[in-house]
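Here is a short briefing to keep beside the viewer while you look around. Have the chain open and follow the topics in turn.

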Amino acid sequence: MDFLGNHIEALIFCAPKAIKIEDIQSCLSEMFEAEIPLEDIEKGLAGIQEKYSADEFPFEVVKSGGGYQFLTKPAYQASIGILLKQQSKRRLSASAMETLSIIAYKQPVTKSEIEQIRGVNCDYTVQKLLEKELVEIKGKSEAIGRPMLYGTSEKFMDYFGINDLKELPTPKDFTTTENEIGDSEPEDQPTIEEE
């Protein structure tokens, strides 16, 4: 199994993005000219994950974006944070995040629908998100003019470390109970009597 595990590890290491278990199976089956059972690949993955869970390694194999990839461990967040700050050109601007959120929650969505929600032209932002491969064209709308429909890509899920769109926060995750209008006063506080 170590032999198979080494091949799986090499595929994960060389893949430019998170590699799906089906893709691993396809590569190995072609290489060995025999069908490799998913159970064997899952066992190999478990062995690799166990191996890299040891403290001597600064990275681990994580399931993200529907596939497996090497990621650094949380203990090294500070040094990685510095590197990412220095490469801030890759970060998303506030307008890109707003546009991306609309696409993520409303997909498939047209550019005019995005602009209607944001209240500003989104041509440049949508183009940049397409270039970064965080969104992709999902088809054409049946509306007049048949505008393009946009949705999130697999790279979007990988970028945010989720495996399914169901993992996106829901609006109730953002609500706070503090300072809401109409809250009743606590019972131990005195009230102002009408005169």
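A good place to start is the pair formed by strand β1 (residues 59–64) and strand β2 (residues 67–72), which run antiparallel and are joined by six bridges. Please keep in mind that this is a predicted model. With a mean pLDDT of 85 over the chain, 85% of the residues reach at least 70.

**The β1–β2 hairpin**

- To find the register of the two strands, look at Glu60, whose bridge partner in β2 is Leu71.
- Two residues lie between the strands of this hairpin, and Gly65 has a positive phi there, near 65°.
- Gly65 will come up again, as one of the residues that line the largest cavity.

**The three-stranded sheet**

- A separate topic is the open sheet with strand order β3-β5-β4, in which the pairing is antiparallel.
- Both β3 (109–110) and β4 (135–140) are edge strands with a single partner each, so each has one side without a neighbour in the sheet.
- β3 and β5 are antiparallel and are held together by two bridges.
- Within this pairing, Thr110 sits opposite Leu149 of β5.
- Helix α7 (residues 123–131) lies across β4 and β5, and its direction makes an angle of about 110° with β4.

**Backbone details to check**

- Which peptide bond is cis? The one from Gln107 to Pro108 is, with omega near -10°.
- Pro108 belongs to the loop that links α5 and β3.
- Glu33 is not a glycine, yet it has a positive phi of about 55°.
- You will find Glu33 in the loop between α2 (21–32) and α3 (38–52).

**The second largest pocket**

- This pocket has a volume of about 200 Å³.
- Its lining is made up of 12 residues, and those closest to the centre are Ser101, Tyr105, Phe156, Phe160 and Leu168.
- Two elements, α5 (94–106) and α8 (154–160), each give two or more residues to this lining.
- Of these, α5 provides the largest share, with five residues.
- By residue class, the lining of the second largest pocket has 10 nonpolar residues, one polar and one charged.

**The cavity**

- How many cavities of 30 Å³ or more does a search of the whole structure find? The search turns up one.
- The largest cavity has a volume of about 40 Å³.
- Lys17, Ala18, Gly65, Glu154, Lys155 and Asp158 form the lining of this cavity.
- Four of the residues in the cavity lining are charged, while one is nonpolar and one is polar.

**Where to trust the model, and where to take care**

- Strand β5 (residues 148–152) has the highest confidence, at a mean of 95, and helix α4 (residues 77–86) the lowest, at 81.
- Residues 187–195 have a pLDDT under 50 throughout, and the model gives this stretch two contacts beyond four places in sequence.

Technical notes: Residues are numbered from 1 along each chain as its sequence is written. This is a predicted model: local features need pLDDT of at least 70, side-chain atom pairs count only at pLDDT 80 or more; totals for chains, interfaces and linings use all residues. Side-chain values use heavy atoms; hydrogens and water are left out. pLDDT is the predictor's confidence in each residue, from 0 to 100. Helices (H or I, at least four residues) and strands (E, at least two) are DSSP runs, numbered from the N terminus. Contact means heavy atoms within 4.5 Å. On a 1 Å grid over the protein atoms alone, a cavity is a set of points where a 1.4 Å probe fits but cannot get out, and a pocket is an open set with protein on both sides within 12 Å along at least five of seven lines; lining residues have an atom within 4 Å of a point. Grid points are joined across faces, edges and corners, and a volume is the space filled by probe spheres set on the points. Ala, Val, Leu, Ile, Met, Phe, Trp, Tyr, Cys and Pro count as nonpolar, Asp, Glu, Lys and Arg as charged, and the others, Gly among them, as polar. Two strands pair if DSSP finds at least two bridges between them. Axes are lines fitted to C-alpha atoms, for helices over the stretch in contact, and angles run from 0 to 180 degrees between N-to-C directions.
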